[in-house]
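Biologist: I am new to this structure and would like to go through it with you. Please show it first.

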Amino acid sequence: MVRDIHGQAILDYYNHDRQSKLFINNKYGEPEEMPLDVYFRTEDSFTEIEKTAISLCTGKILDIGAAAGDKVMALQKLGKDVSAIESSKRCVDVLNAQGISMVILEDYKVHDGKYDTLLLLMNGIGIAGTLNEIPEFLNSCKRLLNPGGQIILDSSDIKYLYEDNPDIEVPYPYYGDIQYQYEYKGHKGEWFDWVYADRDMLGQIVADADMNMEIITEDEFDQYLAKIW
């Protein structure tokens with residue numbers, strides 16, 4: 001049984017399997033296809049939020065959950081001191097194959113490096129799991145930051161999902177606590193938690209953690225980029 005379904009799909013795509021599809025099952029609707037080419041974009045294909053995030057990265061940088069490493073490669077091209085950390089061995093194989101200078105196979109929660117910027121994109125706050133786990137996520141990030149360091153991440157307010165679809169059951173206790181399951185080549189992974197935090201809720205949690213947050217930019221889809229320090 002393939003356990004790292006997400007990583008296997010990324011590795012297969014890198015190895016020129018462009019026909020197989022990665023799907024994400026959810027608890028609120030039909031399965032959605034996750035286009036694998038999104039992990040292999042170049043800078044000119046980044047969203048404005050992603051481009052802004054890249055421009056904010058300074059000092060020693062750690063891309064947490066780097067996947068195939070498109071953001072790391074963009075930062076390397078700019079001459080930045082950047083490392084990629086991934087808990088997926090298959091993603092690490094892709095990162096190494098693409099010439100990423102510093103690749104770490106490890107869970108960020110147990111990593112002991114020190115950095116000036118932690119970068120988490122593609123709803124980066126989601127890696128926390130649930131809303132109630134964001135304080136633990138922030139504590140892990142604090143431990144990785146040098147004095148004066150920053151976290152650059154994005155998320156979005158998904159309230160619209162329930163406003164547009166009144167028959168969908170709203171997760172309790174927080175509407176942004178979503179559960180997903182990857183499906184690829186007939187294999188299904190385990191369900192996992194992935195939080196979408198609205199800006200006000202995240203701001204309150206950050207303040208409770210005795211940290212600061214600034215909303216750098218947002219778009220018409222209620223997606224926003226935040227700096228936390």
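Modeller: The questions and answers below concern a predicted model.

Biologist: Which residues have the most contacts inside the largest nonpolar core?

Modeller: The largest nonpolar core has 56 residues. A second, separate core of 20 residues includes A53, A74, L95 and L121. In the largest core, the residues with the most contacts are L118, I134, F137, L138, I151 and L153.

Biologist: Which residues does F137 touch, leaving aside its neighbours within four places in sequence?

Modeller: F137 is one of the residues with the most contacts inside the largest core. Leaving out neighbours within four places in sequence, its partners are Y108, L120, I125, I127, A128 and L153.

Biologist: Is T117 buried or exposed?

Modeller: T117 sits in strand β6. Beyond four places in sequence, T117 is in contact with C57, T58, K60, I61, L62, Q150 and I152. Buried means under 20% relative accessible area. T117 has a relative accessible area of 0%, so T117 is buried.

Biologist: How many of the residues of β3 are buried, and to which strand do bridges join β3?

Modeller: β3 is largely enclosed by the rest of the structure, because four of its five residues are buried. In the pairing of β3 with β4, I64 has I85 as its bridge partner. Five bridges join the two strands, which run parallel, and the partner strand is β4, residues 81-86.

Biologist: What do the buried residues of α3 pack against?

Modeller: The buried residues in α3 are D70, K71, V72, A74 and L75. Just after this helix, G79 has a positive phi of about 80°. The buried residues of α3 pack against α2, β3, β4 and β6.

Biologist: Where is A67 found, and what is its relative accessible area?

Modeller: A67 belongs to the loop between β3 and α3. Leaving out residues up to four places away in sequence, A67 touches I10, Y39, E86, C91 and L95. A67 is buried, because its relative accessible area is 9%.

Biologist: How far apart in space are A67 and V94, C-alpha to C-alpha?

Modeller: In sequence, A67 and V94 are 27 residues apart. In space, their C-alpha atoms are separated by 8.4 Å.

Biologist: M122 and N123 both have a positive phi. Which of them is buried and which is partly exposed?

Modeller: M122 has a phi near 60°, and N123 has a phi near 55°. M122 is in the loop between β6 and α5, and N123 is also placed in the loop between β6 and α5. With a relative accessible area of 31%, M122 is partly exposed. The buried residue, at 7%, is N123.

Biologist: What is the relative accessible area of S156?

Modeller: S156 lies in strand β7, residues 145-156. Not counting residues up to four places away in sequence, S156 touches N123, Y196, A197, D198, D222, Q223 and Y224. S156 is buried, and its relative accessible area is 8%.

Biologist: D222 is among the residues that S156 touches. What is the phi of D222?

Modeller: Strands β11 and β12 run antiparallel and are joined by five bridges. One bridge pairs E218 with Y224 in β12. The two strands form a hairpin with four residues between them, and D222 lies in the turn with a positive phi of about 65°.

Biologist: What is the volume of the second largest pocket, and how is its lining made up by class?

Modeller: The lining consists of K27, Y28, E169, V170, P171, Y172, D177, I178 and Q179. The pocket has a volume of about 160 Å³. By class, its lining has five nonpolar, one polar and three charged residues.

Biologist: Y172 is one of those lining residues. Which residue does a cis peptide bond join to Y172?

Modeller: The omega of this cis peptide bond is about 10°. The partner lies in the loop between α6 and β8. The residue joined to Y172 is P173.

Notes
Residues numbered from 1 in each chain as written. Predicted model: local features only at pLDDT ≥ 70, side-chain atom pairs only at ≥ 80, totals over all residues. Heavy atoms only, no water. Core = buried A, V, L, I, M, F, W, Y, C linked by side-chain atoms within 4.5 Å. Buried < 20%, exposed > 50% of the residue type's maximum accessible area, 1.4 Å probe, protein only. Contact = heavy atoms within 4.5 Å. 1 Å grid on protein atoms, 1.4 Å probe; cavity = no way out; pocket = protein on both sides within 12 Å on 5 of 7 lines; lining within 4 Å. Points joined across faces, edges and corners; volume = space filled by probe spheres on them. Nonpolar A, V, L, I, M, F, W, Y, C, P; charged D, E, K, R; others polar. Pairing = 2+ DSSP bridges.
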